Amino acid sequence: MKAPRSTIEVLSSAALATVQDLGRVGSLRWGVGSSGAMDQLALAAGNLLLGNAPGAAAIEVPVFPFKVRFTQDCAFALTGAACAARLDDQPLLPWWAHRARAGQVLTLGLPQGGAQRGSRAVLCLAGGVDVPEVLGSRSTQLRGAFGGHEGRALRKGDVLRAGDCGAPRPTGFGLVPPAIAMPLGVDGAAAVRVLPAAEYEAFEPSSRDEFWAGEWKITSQSDRYGFRLAGEALRPIAPMEMRSHGIVPGVIQVPHNGQPIVQMRDAQPSGGYPKIGTVIEADLWRLGQAPIGSRIRFVETTWDEALAARDEIAGWLAELRRLLDLHRARSGFQ
Amino acid sequence: MTMSTQPVFSLLGTTALLFEAPGATALQAQQRIWALAHEAEAWPEVAEAVPGMNNLMLAFVRPPRDLAALKARLAAAWDAAKALPREGRVVELPVVYGGAGGPHLADVVAHTGLSVQAIVELHSAPLYPVYALGSHPGYCYLGGMDPRIATPRRQTPVLSIPGGSVSIGGAQTGVSASAGPSGWNTIGSTSMSFFDPTRQPPAALQPGDLIRFRVEGVLG
């Protein structure tokens with residue numbers, strides 16, 4: 001039998017859904033930023049639920065409703081924002097592995113959960129989304145218009161193939177989302193931990209205090225490139241013009257208007273605005289799920305605490321993998 | 001900007017370490033940065049060594065427990081680094097200054113107090129060495145701009161400027177390789193294919209290559 005040429009067809013015209021993996025490493029020197037899933041923990045966990053490699057490519061969905069039709073039988077997992085998903089008329093649990101039959105329609109609705117809701121759903125397919133690797137990654141490089149599916153966001157009518165729908169794999173189980181397993185908040189607002197960056201001391205003491213004490217609104221001018229925040233303007237002691245230098249996702253730049261911008265996954269790999277701090281790698285998934293219009297808090301951290309936070313994430317994933325391996329062994333799957 | 005006499009280290013979260021060379025921006029220092037990058041990218045904790053403008057970012061494979069040891073090794077390697085000159089190609093880019101392709105030329109006039117003609121002459125005179133690539137695929141950071149036309153980055157970044165935009169940000173100039181957001185002042189436009197992911201290397205220009213801007217036209 002000839003292998004089917006497609007696994008899913010995109011039915012909605014919802015913009016900005018993209019194919020992402022854990023990101024592109026090794027091409028920063030050519031000006032190529034990392035891209036990759038905004039919620040890397042959701043991507044890794046969804047892949048583990050399916051027995052995929054943690055970095056297999058998946059579809060990141062930031063705008064709802066999003067609809068796809070399965071054109072072949074295939075196992076899939078939904079992680080990230082809990083978004084009232086349905087397979088035909090059947091409601092689906094989030095953070096769960098499911099199976100679709102050819103012809104069934106998967107609909108992702110608006111994220112649920114009130115103030116605690118996420119903003120991006122991740123749809124993983126058995127064997128990962130099968131798009132060509134470009135410069136070592138399947139992530140969509142929107143600025144460079146390469147990688148992912150034809151270097152762009154998905155459109156109605158696009159067809160995508162899963163890497164391995166044929167292999168039998170167990171479905172019908174799930175996990176406790178990391179936002180519940182590892183919550184972090186201050187006074188009811190979502191929080192992320194920040195290491196001070198090179199120009200931290202060059203801001204007015206009152207601005208440094210405000211940075212930690214204030215609530216920062218994620219404005220509508222926020223996307224995969226960066227989150228533009230609104231709050232009390234941060235004032236440097238003297239104007240700064242920096243030489244351009246490498247930056248990474250999580251860096252919080254303060255342009256001359258005093259309103260910070262957190263660099264996100266599609267961020268440029270270099271920049272020149274003063275940097276007040278950097279959201280630690282272990283907390284970037286939290287920020288990646290923060291909805292536009294919500295407010296976040298910054299919590300000062302240290303190098304050792306940041307490494308411990310990174311270990312906590314790695315430990316959570318290792319434990320998840322151990323439990324899933326155990327479950328598969330008991331179900332007779334290897 | 002205050003000039004440090006010693007290298008400055010700073011953290012980019014747990015993802016990378018930034019090394020800033022001391023002194024004023026200079027090609028000779030940049031040639032030492034290239035040598036430092038070449039050495040550091042072989043270190044086990046370094047995923048990639050990325051040169052900037054007289055600075056170097058070391059992206060970690062995983063963040064080292066002992067940061068002080070890495071900083072000490074980097075400082076020693078900088079002291080030992082000899083300038084690594086590169087015989088680059090000379091690439092000429094025709095530029096139309098001002099008009100719809102150079103919407104912020106007026107801001108550079110306002111900031112510098114120079115005439116459009118003077119700005120165009122000063123901008124198109126030098127042979128600019130490519131110091132580093134960054135910002136977006138194929139984008140070149142250039143050294144050697146005349147400080148008289150230096151203009152601060154914009155109060156608020158522009159959400160998108162087109163590919164081929166020739167712009168000034170602080171004491172630097174460059175050409176956008178594709179459309180995207182920018183905080184720089186766009187003074188003109190050119191056309192050139194800077195990046196192709198199927199090529200090896202994918203970027204058309206490399207550190208050490210030289211760019212000359214040829215005046216194709218000046219629009220009021």
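**Entry 1: a strand pair.** I started with β3(B) and β4(B), the latter covering residues 55-60 of chain B, and found them paired in the antiparallel sense over 5 bridges. I'm noting here that this is a predicted model. Then I looked for what faces A49(B), and L58(B) in β4(B) stands opposite. Reminder to self: strands of a sheet pair through backbone hydrogen bonds, either parallel or antiparallel.

**Entry 2: the whole sheet.** Next I checked which sheet this pair belongs to. It is an open sheet of 4 strands in chain B, with the order β1-β2-β4-β3 and antiparallel pairing. Which strands stand at the edges? I found β1 (8-12) and β3 (46-51) of chain B there; each has a single partner strand, so one side of each has no neighbour in the sheet. I also looked up the twist: on average, neighbouring strands of this sheet are turned by 20 degrees against each other, ignoring direction.

**Entry 3: a helix on the strands.** I followed α1 of chain B, residues 27-40, and saw that this helix lies across β3 and β4 of chain B. Against β3(B), helix α1 runs at about 170 degrees.

**Entry 4: two domains.** I zoomed out to the domain assignment of chain B, which gives domain 1 as 8-80 and domain 2 as 90-219. Their C-alpha centres lie 27 Å apart. How many residues does each domain of chain B bring to the contact? Domain 1 gives 7 residues and domain 2 gives 8. On the domain 1 side, my helix from before turned up again: α1(B) supplies the largest share, 3 residues. I sorted that side of domain 1 by type and got 4 nonpolar, 3 polar and no charged residues.

How values were computed: Residues are numbered from 1 along each chain as its sequence is written. Chains are lettered from A and ligands numbered from 1 in the order in which they are written. This is a predicted model: local features need pLDDT of at least 70, side-chain atom pairs count only at pLDDT 80 or more; totals for chains, interfaces and linings use all residues. Two strands pair if DSSP finds at least two bridges between them. Helices (H or I, at least four residues) and strands (E, at least two) are DSSP runs, numbered from the N terminus. Axes are lines fitted to C-alpha atoms, for helices over the stretch in contact, and angles run from 0 to 180 degrees between N-to-C directions. Two residues are in contact if their C-beta atoms, placed from the backbone, lie within 7 Å. Domain bounds come from an automatic or database domain assignment. Ala, Val, Leu, Ile, Met, Phe, Trp, Tyr, Cys and Pro count as nonpolar, Asp, Glu, Lys and Arg as charged, and the others, Gly among them, as polar.
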